[in-house]
Amino acid sequence: MSDAERDRRFASTLAKGLQVMQAFKPGDVSLGNRELARRTGMPPSTVARMTFTLASMGFLEQLHPSEAYRLGPSAMALGYTAHAGLSFLPMAEIVMQQLADDTGVLVALSMRHGDAAMLTRCWRPRNASSLWLSEGHRLPMEQSAPGRAILAADSTLVAETEQARADREHLESRGYVISYGGWNSGVNACAVPFQTALGTQPFAFLCGANASDLNTEKLERVVAPRLRDTVQTLRHSLGYM
């Protein structure tokens, strides 16, 4: 049990409902109570109460006659509202799609989500195949390029690891973080942190591809500098320092 769960202000029922919603992945068409129970680790009876309540509020939609569920209109509206709060995203759409097309790799925006860096927007090259990753995918903070970039740029962290110190030095000297097979031995990537205001939780833009398509030379000489320069251009265009 985490410290938050021990706090009397922690609403355990609400947490269980959110766990059910978080169990849905981008490739899921629908999920039944049995599969939701397996993914969340909650008893089937608890999951049944959660799905009934969430469906009643529009966060889930029950499909008949299968009795499975998919995310409902209330969840979709919440997602659109969250995206609307990223005021820099409309301008990022243009430059990041161009970066993906020019380099032939996946470009993505990520943010911290608990102990992971979650992809919130992906841009795929229009003239080449790319990584299978999509919105909602979670990468380990300390083993992925975006996670390490976020940790290195987060001034609110009390304790800093040796890896974070090394990444911060690399950010100061080169402007990006590089990962060779960090969370997946077959994937190489780089990332650049992005903050909308001083003291706010940083995001990270990343570029990644299979190691066979993104070797050391291409990553360090072409892709990483292009990502750094693209993020810097976005900052200047938005008036961020």
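Phe194 is buried, and Phe205 is buried as well, and I would like to start from these two residues, keeping in mind throughout that what we have on the screen is a predicted model. Their rings sit with centres 5.4 Å apart and planes at 75 degrees, so this pair is classed as edge-to-face. The two residues come from separate elements, Phe194 from strand 7 (residues 187-194) and Phe205 from strand 8, with these positions 11 residues apart in the numbering.

Phe205 has a further partner, and that brings in the wider search, which finds six aromatic pairs in the whole structure. One of them joins Trp123 to Phe205 in a tilted arrangement, with 6.3 Å from centre to centre and 35 degrees between the planes. Because Trp123 belongs to strand 4 and Phe205 to strand 8 (residues 203-210), this pair ties together parts of the chain that are 82 residues apart in sequence. Trp123, like Phe205, is buried. If we follow the ring pairs further, they join Phe88, Trp123, Phe194, Phe203 and Phe205 into a cluster.

Now to the sheet that holds several of these strands. In what order do the strands of the open sheet run? The order is 5-4-3-8-7-6, six strands in all, and the pairing is antiparallel. At the edges we find strand 5 and strand 6 (177-180), each of which pairs on one side only, and from one strand to the next the twist averages 30 degrees. Looking at one pairing in detail, strand 3 and strand 4 are joined in the antiparallel sense over seven bridges, and Leu109 has Arg121, in strand 4, as its bridge partner. Helix 7 packs on this sheet, where it touches strand 3, strand 4, strand 5, strand 6, strand 7 and strand 8, and its direction makes about 30 degrees with that of strand 7.

Helix 7 also leads us to the charged side chains, since the model holds 12 salt bridges, and one of them starts from this helix. Arg148 and Asp167 meet through their side chains at 2.8 Å, N to O, and this salt bridge connects helix 7 (residues 145-153) with helix 8 (residues 162-174), across 19 residues of sequence. Are these two partners buried or exposed? Arg148 is buried, at a relative accessible area of 13%, and Asp167 is likewise buried, at 4%.

The next salt bridge involves edge strand 5, and here Arg138 and Asp115 have their closest N and O atoms 3.3 Å apart. Arg138 lies in strand 5 (residues 138-140), while Asp115 lies in the loop between strand 3 (106-113) and strand 4 (116-123), and the two are 23 residues apart. Arg138, at 37% relative accessibility, counts as partly exposed, whereas Asp115, at 59%, counts as exposed.

A third salt bridge, between the side chains of Arg226 and Asp102, has an N to O distance of 3.1 Å. It links distant parts of the chain, with Arg226 in helix 9 (residues 216-238) and Asp102 in helix 6 (residues 89-103), 124 residues apart. Both ends count as partly exposed, Arg226 with a relative accessible area of 31% and Asp102 with 45%.

Finally, not every salt bridge should be read as an isolated pair, for Asp28, Glu35, Arg38 and Arg39 are linked in a network of salt bridges.

Notes
Residues are numbered from 1 along each chain as its sequence is written. This is a predicted model: local features need pLDDT of at least 70, side-chain atom pairs count only at pLDDT 80 or more; totals for chains, interfaces and linings use all residues. Side-chain values use heavy atoms; hydrogens and water are left out. A salt bridge is a side-chain nitrogen of Lys or Arg within 4 Å of a carboxyl oxygen of Asp or Glu. Helices (H or I, at least four residues) and strands (E, at least two) are DSSP runs, numbered from the N terminus. Buried means under 20% relative accessible area, exposed over 50%, partly exposed in between (1.4 Å probe, protein chains only). Rings of Phe, Tyr and Trp (its six-membered ring) pair if their centres lie within 6.5 Å; planes under 30 degrees apart count as stacked, over 60 as edge-to-face and the rest as tilted. Two strands pair if DSSP finds at least two bridges between them. Axes are lines fitted to C-alpha atoms, for helices over the stretch in contact, and angles run from 0 to 180 degrees between N-to-C directions. Contact means heavy atoms within 4.5 Å.
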